[in-house]
Amino acid sequence: MTPSSPPLGVGVLGLHEGRTLLVGLNTPIPATVGTAGETAYRSPHARAVAGCDMNPDKLAAAEHDAPGLYYTADYDALLARSDVDIVAIYTPDPMHGEHIERAFRAGKHVICTKPLVNSVDDAKRILTAARETGMKLLVGQSTRFFEPFRRQRAAFERGDVGTVELADAHYNHRMDWYYDKSPWAATDSDWVYLGMSHPLDLLRWYCGPIDTVHAVGTRSALGRKYNVASNDLYTVNVVGKDGTLGRALGHYGLHELPSARNAIELMLYGSEGSSLAQYHDMRYLHTGPDGAEIKEDYLYEKRGYYFNNEVHGMHYGEFSNYADHFAAALLHGTPHAPGLVEGLETFCLMEAVRRSAETGAVVRVDDIVGLIGLTEAERASVA
Ligand SMILES: NC(=O)c1ccc[n+]([C@@H]2O[C@H](COP(=O)([O-])OP(=O)(O)OC[C@H]3O[C@@H](n4cnc5c(N)ncnc54)[C@H](O)[C@@H]3O)[C@@H](O)[C@H]2O)c1
C-alpha cells in the first residue's frame, strides 16, 4: 500500500472501555491551548467503522457518543464486515483468547487491550492461530502511548539517560468501584494480569527479555471484603537477561493519598541521567545536561487530545495513538510494538510473577516461554 492509502477500518468489540477508542477516533480533538479553531482528528491511518456489545445499554451509549457507525450485538456480524480491517478487543480478560482467535480466523488484524491473555492455554491458542493465519496483532498497552511515556522513550532512544541500570514502575489504584462495575475482575482474572500488565510491560520495554522474577503478594482488607480470588497487592523484583534490574509494585486495595503519587509511574535510573513519567498527571521530569531538574507538564496543552477536556478522564489519546501506530504499520509495512511475540513474553513475565508469589521461589521466565512454545526465531524478531 502507498502513503496515500485510505485509513484502515476499526471495529471495536466490548463497548465499555472500548467506547473510548470509537469516540477517540470518531470525534475531532477538542480545542485547547494552541489549537483553537482547528478541526483535526487523532488518527490519519485508522477510522472507526463499527462497534459490538451484547449489552444493549452499552450499544446505545456508544451509538450516542460515536454516531453514524455500524452497531451490532453479534460478534460474527462484526467479523463478516468487509470495511473492518482491524478488530479491537475490550472484553473481559478471560475472553481475549477466544475473541482474538475468532478475529484472526476471520482474516482480521487485531488490537487487544491489556492484558493480552491470562492463561497458558490462551497464550498457546493465539500463537497457533497467528502462525496458521499470518494475521498481525498489537497489544493496547496504553501507558506506552501516553504523552510523558512517549517523551521519556524518545529521550532514552536519543541516549539521554545512558544505559538503564534500574527501571522502577508501579500501577496503584483503589478498585472497589471496578468490582461493582465488572464483577468478573474479582473472580476471573488476577491482578498480576489485570493491573500489573502496565508496570510489567514497562519493565519488559526497558529491561529487555527478563531472566528471573522474585515476587511476593497478599490480599488487602478491601480485596478480602470483595472476595477477590487473587492477590491484589504485589511487589516484584526482576533481572533482565542483560543484567538490568527492574522493580514493580501493584496495589489495588489502597486508600489513596491523591497528591502523593501518580497511579502509574516509571522511574528510569540510568548511567547518564534519571527520568520520571507519570499518568494520570501528564508530567515528564528529567535531569538536564547541567544537572538541573526539568519538569515538563502537558496537562493544559494536551488535555483535549488525551482526555477530551475531562481532566483525568478516559484514554482517548492513548488508544487513538496505538490504533494509528498499528494501522500505519499495516499500511506501510513498518514495525509495530508491542506485537504478538513481545506481548506473549510479557504474558510469561506476568505468569512468572504469579507463580513466584504463590510459591516463594525465584522463577525463570524462559520456563514459562517453554510451556507456550515460542521459538528462538520468533523471539529474535522483537527489538
Ligand atoms: N488502560 C487500559 O488499556 C484499560 C483500562 C481499563 C480496562 N482495560 C481492559 O479492557 C477490558 C474490558 O474492561 P472493561 O472495564 O471495559 O470491562 P467491562 O466488564 O466493563 O466491559 C466488557 C464489555 O464486553 C462486553 N462483552 C463481553 N463478551 C461479549 C461478547 N461475546 N460479545 C459482545 N460483547 C461482549 C460486555 O457486555 C461489556 O460491555 C479488560 O480486559 C480490561 O483489562 C484496559
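## Exercises on a two-domain model

In this predicted model, 18 residues of domain 1 are in contact with 21 residues of domain 2. Let's work through what surrounds that contact.

**Exercise 1. Find which elements supply the side of domain 1 that touches domain 2, and which gives the most.**

Start with the bounds: the domain assignment of the protein chain gives domain 1 as 8-142 and domain 2 as 163-271 + 339-380. Next, place the two bodies in space; their C-alpha centres lie 24 Å apart. Now look at the side of domain 1 that touches domain 2: helix H5 (120-133) and strand E6 (137-140) each supply at least two residues to this side. H5 gives the most, with five residues. Finally, sort that side of domain 1 by class, and you get 12 nonpolar, two polar and four charged residues.

**Exercise 2. Work out how H5 and helix H14 (residues 340-359) are oriented relative to each other.**

First take the geometry: H5 and H14 pack at an angle of about 170°, with their axes 11 Å apart. Then apply the cut-off, by which angles over 145 degrees count as roughly antiparallel. H5 and H14 are therefore roughly antiparallel to each other.

To see the contact in residues, pick out Val-120, Ala-123, Leu-127 and Ala-130 on H5; they meet Leu-340, Leu-344, Phe-347 and Glu-351 of H14. By class, the residues of this contact comprise seven nonpolar, no polar and one charged.

**Exercise 3. Decide where the ligand lies with respect to the two domains.**

Begin with the shell: 24 residues surround the ligand, and the closest are Gly-14, His-16, Glu-17, Asn-55 and Ser-182. Sorting the shell by class yields nine nonpolar, nine polar and six charged residues. Last, ask where the shell comes from. Domain 1 (8-142) and domain 2 (163-271 + 339-380) both contribute residues to the shell, so the ligand lies between them.

**Exercise 4. Determine whether Pro-6 is buried or exposed.**

Locate the residue to begin with: Pro-6 sits in the segment before strand E1 (8-13). Now count its surroundings, which hold 9 other C-beta atoms within 10 Å. A residue is exposed if that count is 12 or fewer, so Pro-6 is exposed. As a last step, compare sequence and space: Pro-6 and Arg-47 are 41 residues apart in sequence, while their C-alpha atoms are 9.3 Å apart.

Key
Residues are numbered from 1 along each chain as its sequence is written. This is a predicted model: local features need pLDDT of at least 70, side-chain atom pairs count only at pLDDT 80 or more; totals for chains, interfaces and linings use all residues. A residue is near a molecule or strand if its C-beta atom, placed from the backbone, lies within 6 Å of it. Ala, Val, Leu, Ile, Met, Phe, Trp, Tyr, Cys and Pro count as nonpolar, Asp, Glu, Lys and Arg as charged, and the others, Gly among them, as polar. Domain bounds come from an automatic or database domain assignment. Two residues are in contact if their C-beta atoms, placed from the backbone, lie within 7 Å. Helices (H or I, at least four residues) and strands (E, at least two) are DSSP runs, numbered from the N terminus. Axes are lines fitted to C-alpha atoms, for helices over the stretch in contact, and angles run from 0 to 180 degrees between N-to-C directions. Angles under 35 degrees count as roughly parallel, over 145 as roughly antiparallel, 65 to 115 as roughly perpendicular and the rest as oblique. A residue is buried if 20 or more other C-beta atoms lie within 10 Å of its own, exposed if 12 or fewer, and partly exposed in between; C-beta atoms are placed from the backbone.
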